[in-house]
Amino acid sequence: MDERRGKAPEIHPSSIVSSRARIGDGVRIGPWCSIGPDVEIRDNAELISHVVVDGRTTLGEGVVCYPFTSVGMAPQDLKYRGEPTSCMIGARTIIRENVTIHRGTATGTGVTRIGPDCLIMANSHVAHDCTLGRGVIIVNNVVMGGHVVIGDDARIMGAAALHQFVRIGHAALVGGVCGVEADVIPYGSVLGNRARLVGLHWIWLRRNGVQPDEVRRMRQAFRALYPKAAHATGAVFQDRLEHVRQTYADDARVVEILDFIAAPSHRGLVRVQGGDMIESDGA
């Protein structure tokens, strides 16, 4: 996209772009797009065709929107009364066909925020007040309720459904056609019609340069937290948390998991079911 830097935007004559919209250098707006008055589109972004961007919405530098996406439309929340909420899309994020991303609500955070370098695949829905971190991948047909928080580098596989207020931790993996009704720990891997915790996201750990010794320590900590058939609630679980925090106090990734568990939650934690653990970490 560097060849477009500093160049005037290219806007197809069939598109309707408000005179109040702020359009950066090198932006390409293809045919049959509609851009509202409070929209900002930063340098080198591209709207391929048939894209609607409305509300107080910002598309970051280099964002690409494929046909029939809509970004920043009013939330599907009956309490919404037209308050001036917003939607922020981070740099270089790719939004594929038929994706819908709604702006925030006054009763929520007021902003729907998608971080940089994300990929939102076709037919997915990002609801009001959701927050997605850096490098998140959302596969086709994923739907999420309002106020969902997804950490950096998480992977949400096809047709998964995320309940409102659910938290998905850093680098977690949600399997396809999985209903997630509670929080998923960082690096956790969940599967099933109703999500169950089956292990850690070993593939991500290996691919992102986590050393075998650290992977082994993470597995040991995970086994201590979640022995087979043990529940992630109650006094006994609190004892296991304290034991792991003392034993692995110098392991940043384990501490990250523990801090996530200790943070306030609307939904509680996805549970382990006996016999479901997947140990194929390759370490």
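Me: Contact here means heavy atoms within 4.5 Å. In this predicted model, which residues is Ile185 in contact with, leaving aside its neighbours within four places in sequence?
Reply: The neighbours within four places are set aside. What remains includes Gly169, Ala172, Leu197 and Leu200. The rest of the list is Phe222, Tyr226, Ile257, Phe260, Ile261 and Leu269.

Me: Which residues of the largest nonpolar core touch the most other members?
Reply: This core holds 74 residues. In soluble globular proteins, nonpolar side chains tend to be buried together. Ile185 is one of the residues with the most core partners. The full set is Leu132, Met144, Ile150, Ile168, Val180, Ile185 and Tyr226.

Me: Which helices each supply at least two residues of this core?
Reply: Strand E12 (86–89) and strand E28 (196–200) each supply at least two. So much for strands. The helices that do so are H1 (202–207), H2 (212–225), H3 (234–247) and H4 (252–262).

Me: From which domains does this core draw at least three residues each?
Reply: The protein is divided into two stretches, 10–147 and 211–262. Their centres, taken over C-alpha atoms, are 38 Å apart. The core draws at least three residues from each of domain 1 and domain 2.

Me: How many disulfides does the count come to?
Reply: A disulfide needs two cysteine sulfur atoms within 2.5 Å. For Cys65, the nearest cysteine sulfur is that of Cys33, 8.6 Å away. The count comes to zero disulfides.

Me: Why is Cys130 without a bond to Cys87?
Reply: Cys130 is buried, at 0% relative accessibility. Its closest cysteine sulfur is in Cys87. The bond is missing because the sulfurs are too far apart, at 10 Å.

Definitions and conventions
Residues are numbered from 1 along each chain as its sequence is written. This is a predicted model: local features need pLDDT of at least 70, side-chain atom pairs count only at pLDDT 80 or more; totals for chains, interfaces and linings use all residues. Side-chain values use heavy atoms; hydrogens and water are left out. Buried means under 20% relative accessible area, exposed over 50%, partly exposed in between (1.4 Å probe, protein chains only). Domain bounds come from an automatic or database domain assignment. A nonpolar core is a set of buried Ala, Val, Leu, Ile, Met, Phe, Trp, Tyr and Cys residues joined through side-chain atoms within 4.5 Å. Helices (H or I, at least four residues) and strands (E, at least two) are DSSP runs, numbered from the N terminus.
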